[in-house]
Amino acid sequence: MSRQPILFCDFDGTVTETDNIIAIMKKFNPPGWEAIKEDVLAQRRSIRSGVGQMFAMLPSSLKEDIVRFVLEHARLRSGFPEFVRFAQDHGIPLYIVSGGIDFFVHPMLEGLVDQANIYCNGSDFSGETIRILWPHACDESCQNDCGLCKPAILKQYPKERYHRIVIGDSITDLAAAKQADEVFARDFLVKKCEELAIAHTPFNTFYDIISSLEQKGVVA
Ligand SMILES: [Mg+2]
Ligand SMILES: [Zn+2]
């Protein structure tokens, strides 16, 4: 294969078993967060606006409690550490592309994935309440107000040079999946790929992805 394989892996619901933002909101329960979540799911409100608003309702003083909560409750999907090693052993760059926030994504991946290989949103705790920062917002070609714009990131790795493999679980991975050369999907993303006839390989654990990449000859 002349093009360099490169992996773009979602975090919430993909690397971790469940969605951490939802878990954080359920736990710390700022009044009104559920209505915002419903608006986002119904696409009446953008992801960036909804996530920003939900965290803006939590005091900055909760930072350590939130990090501790995520570290104690979030579970890595089976095979993820082995998958990281597999990518390293085969010289395949692995990027985490996450709509999550740095203050819990980085600690969860500590010792597994280098911070330079993590694209996620940022945070500012200097004010009364938590402010989310958006270093990877949409470019002019995306009108979704994603917050973290996965298609904009993929674009930095041109098709001509890279065999782009996208791994994800939900609607936020769909635009990237459409652009990818290869897709590994679970949960809602499987349904969307089927609906839109996007070629994809369903997976449950990261061991499934390792054996599929071996079978397909993506790795030597
Ligand atoms: Mg996800
Ligand atoms: Zn976007």
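In which helix does Ser212 lie? Ser212 lies in helix H10, and I will come back to that helix after the metal site and the spaces inside the protein. What we have here is a predicted model, in which local features need pLDDT of at least 70 and side-chain atom pairs count only at pLDDT 80 or more, while totals for chains, interfaces and linings use all residues. Residues are numbered from 1 along each chain as its sequence is written, chains are lettered from A and ligands numbered from 1 in the order in which they are written, and side-chain values use heavy atoms, with hydrogens and water left out.

Let me start with the metal. The magnesium ion (ligand 1) has as its protein donors Asp10 (OD), Asp12 (O) and Asp169 (OD), at 2.1 to 2.2 Å, where donors are N, O and S atoms within 2.8 Å of the metal (3.2 Å for Na, K and Ca), and since water is not among the atoms, sites may look incomplete. Along the sequence these donor residues follow the spacing D-x1-D-x156-D. Asp12 sits in the loop between strand E1 (4–9) and helix H1 (20–28), and Asp169 in the loop between strand E5 (162–168) and helix H8 (174–179), so the pair ties together parts that are 157 residues apart in sequence. The helices (H or I, at least four residues) and strands (E, at least two) that I name are DSSP runs, numbered from the N terminus. Asp12 is buried, at a relative accessible area of 10%, and Asp169 is buried at 8%; buried means under 20% relative accessible area, exposed over 50%, and partly exposed in between, with a 1.4 Å probe and protein chains only.

Now the open space. The largest pocket has a volume of about 1200 Å³, and of the 37 residues that line it, the closest to its centre are Val40, Ile47, Ser170, Ile171 and Thr172. On a 1 Å grid over the protein atoms alone, a pocket is an open set with protein on both sides within 12 Å along at least five of seven lines, a cavity is a set of points where a 1.4 Å probe fits but cannot get out, and lining residues have an atom within 4 Å of a point. Grid points are joined across faces, edges and corners, and a volume is the space filled by probe spheres set on the points. Helix H3 (47–56) gives the largest share of the pocket lining, four residues.

As for enclosed space, there is one cavity of 30 Å³ or more, and the largest cavity has a volume of about 40 Å³. Among the residues that line this cavity are Phe8, Asp10, Val97, Lys150 and Asp173, and E1, H7 and E5 are the elements that give two or more residues to the lining.

That brings us back to helix H10 (residues 206–215), where Phe206, Ile209, Ile210, Ser212 and Leu213 are buried. Ser212 has a relative accessible area of 10% and, not counting residues up to four places away in sequence, touches Phe184 and Thr201, contact meaning heavy atoms within 4.5 Å. The cover over the buried residues of H10 includes E1, E5 and strand E6 (182–185). At the N-terminal end of H10, Thr205 acts as a cap, with a side-chain oxygen 3.2 Å from the backbone nitrogen of Tyr207, and after H10 comes Gly217, whose phi is positive, near 75 degrees.

Conventions
A polar contact is a pair of N or O atoms within 3.5 Å; within protein, one must be able to donate a hydrogen and the other to accept it, and residues adjacent in sequence count only if both atoms are side-chain atoms.
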